[in-house]
Amino acid sequence: MPQSVNPDLTHMSSTTVVRNDEKSSDVIASQSSAAEKKSLKKSSVKKVPAVQEKSTVSAERLAKLRAWGGGKIMSASEAIMWRMEVLPKTRSTGTSLHILEGTPDWSRFMATMEWMVAVVPRLRQKVFETGVIGQLPSWVDDESFSLHYHVRRVSLPGEGAHSELMSFLESFSTTPCDRSRSPWEIVLIEGLENKRSAFAMKIHHSMTDGAGLIQLFDALLARTADEQLSPVAKWEAKKPLWRRQVGGRLLTDFWQFSTLASSAGRQAYKWISDRETEFSRMALDYSRSIMALTQAQSGGGSPLFRKRSLATRIEIFELPFPALKAAAKNAGASFNDVYLAGIIGGFRRYHEAYDISLDAVPLSFPVSVRKPGDPEGGNRFSGVSYRAPVYSDLNTQLKEVGDFVSQVRQEPAIDFFNQLMPGMLAMPNSVIAALMSLVTSRMDAQASNIPGMRETVYLSGCKVLTHYAIPPRPGCAVMYAMITHDDKACIALNIDPAAIVEPQLLIDSVTAEFNGIINQFSNK
């Protein structure tokens with residue numbers, strides 16, 4: 001088990017050593033001839049370079065941090081994710097992992113964390129529920145917020161090998177957050193190989209999705225190693241008044257519901273009356289669209305992946321992003337098409353090792369519904385399930401994936417699941433969790449592709465080398481998440497070892513498929 005490092009340990013400061021020959025050099029200089037001094041006076045005066053001010057956090061980044069998280073009331077989908085915690089296999093806590101070059105000074109690191117929670121109010125807030133059936137949870141200031149609860153550091157045992165880091169992350173990422181506090185935790189992991197460290201942030205999905213997390217780090221991480229933190233005002237928690245919270249929410253919700261219901265009812269009646277034939281056609285189109293988006297629910301998965309458990313195996317690896325992007329361009333496909341095709345092909349290779357022919361892979365993936373002007377952070381996505389046909393020919397596989405994804409983005413029911421969520425809130429939490437588990441467990445895989453930062457960034461003076469998103473695994477056999485950071489495609493897998501009994505074979509199969517795509521399309 002990782003050993004905790006005493007945060008009170010201080011680092012020895014370097015001392016200045018004066019060399020013995022400095023005095024002798026002064027003597028030699030004082031013995032210069034008068035002619036030399038005169039010559040020096042006539043020479044041009046050497047210009048002293050202007051002292052460059054150290055960069056600070058821009059006003060634009062500060063504004064994004066202060067607004068991060070969106071409104072105070074959860075959306076219905078965020079509320080569902082929060083309430084699904086009653087079943088361990090439907091928990092939706094993810095972990096962001098930055099591998100750092102070197103190890104930050106602990107005092108400087110804690111100063112960065114204190115600054116972060118000062119400028120991002122959402123990180124000091126907890127979830128408040130009124131207990132009223134159907135009412136959405138809200139975010140309120142945590143009066144007892146303590147940074148020292150949310151931030152700590154550990155040192156890996158031994159030599160800090162890859163396996164030791166994965167073992168720690170398997171425990172850290174699957175331990176649920178304290179629901180009575182703001183649902184996030186940070187740990188600085190020291191003692192990695194090659195004198196590296198890692199910055200891991202565990203955060204509940206109800207607070208943000210992957211794209212929102214990138215927005216947070218894009219504004220938080222420094223652009224230079226010596227960037228200075230901007231001065232910020234001391235924050236104070238606002239005391240939530242329970243009666244005002246409940247009473248005000250009830251009145252607001254009732255007024256909004258009655259107004260919207262009355263208006264919607266009148267408009268719907270008029271619209272249907274005027275367009276009875278058109279309405280019937282659109283209803284049929286919408287029904288067909290729902291079937292297209294949920295096609296993977298109708299078929300079974302791999303015979304190898306039928307078992308499920310709460311056990312977790314975490315693995316990470318990286319691929320060359322420029323090479324993958326070039327291969328996608330040469331193949332006439334999108335980068336996301338290549339990503340999904342690589343996952344499907346990896347499954348094909350895994351089954352071939354067992355002499356099993358795989359016809360289709362039931363998998364799901366999110367489609368972002370973020371629009372310009374949407375608040376920073378929060379959740380803006382809709383889930384799609386796909387019964388992906390499996391082909392050994394890469395061109396055929398890429399075309400099949402590309403055609404499906406293009407069609408899906410145009411479906412009128414793309415946001416169908418989010419529209420169902422408000423009605424589900426009236427159900428008991430255990431029923432919500434059971435229903436969602438039934439849907440997600442039919443998938444062999446889930447996959448998420450998150451565009452990351454394409455520039456060099458730093459955390460407390462240390463360069464960020466790679467950035468991974470360790471995803472939750474809501475009932476499926478394996479969950480993939482990729483972040484493109486700088487020139488790397490960083491892929492993390494959350495594997496159920498009861499379903500995938502040879503995790504290393506799966507990793508080898510997936511990497512071999514991606515390398516095959518690069519090799520086939522790199523010279524076109």
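**Helix 12 against helix 16**

Tutor: Helix 12 passes helix 16 in a right-handed crossing (near helix turned clockwise from the far one by less than a right angle). The model is predicted: local features need pLDDT of at least 70, side-chain atom pairs 80 or more, while totals for chains, interfaces and linings use all residues. Numbering runs from 1 along each chain as its sequence is written, and side-chain values use heavy atoms, without hydrogens and water.

Student: Why are helix 12 and helix 16 called oblique to each other?

Tutor: Helix 12 spans residues 335–352 and helix 16 residues 503–521; they pack at about 130°, axes 8 Å apart. Under 35 degrees is roughly parallel, over 145 roughly antiparallel, 65 to 115 roughly perpendicular, the rest oblique. The pair is therefore oblique.

Student: Which residues of helix 12 and helix 16 meet?

Tutor: Contact means heavy atoms within 4.5 Å. In helix 12, the residues include Val338, Ile343, Phe347 and Tyr350. In helix 16, Leu505, Val510, Phe514 and Ile517 are among them. The residues of this contact divide into 12 nonpolar, 4 polar and 3 charged.

Student: What makes helix 4 largely enclosed by the rest of the structure?

Tutor: Buried means under 20% relative accessible area (1.4 Å probe, protein chains only). In helix 4 (residues 76–83), 8 of the 8 residues are buried, so this helix is largely enclosed. Trp82 is one of them, as are Glu78 and Arg83.

Student: How many of the protein's residues count as buried?

Tutor: Of its 524 residues, 45% do. The protein has 16 helices (H or I, at least four residues) and 15 strands (E, at least two), taken as DSSP runs.

Note on methods. Buried means under 20% relative accessible area, exposed over 50%, partly exposed in between (1.4 Å probe, protein chains only). Axes are lines fitted to C-alpha atoms, for helices over the stretch in contact, and angles run from 0 to 180 degrees between N-to-C directions. Ala, Val, Leu, Ile, Met, Phe, Trp, Tyr, Cys and Pro count as nonpolar, Asp, Glu, Lys and Arg as charged, and the others, Gly among them, as polar.
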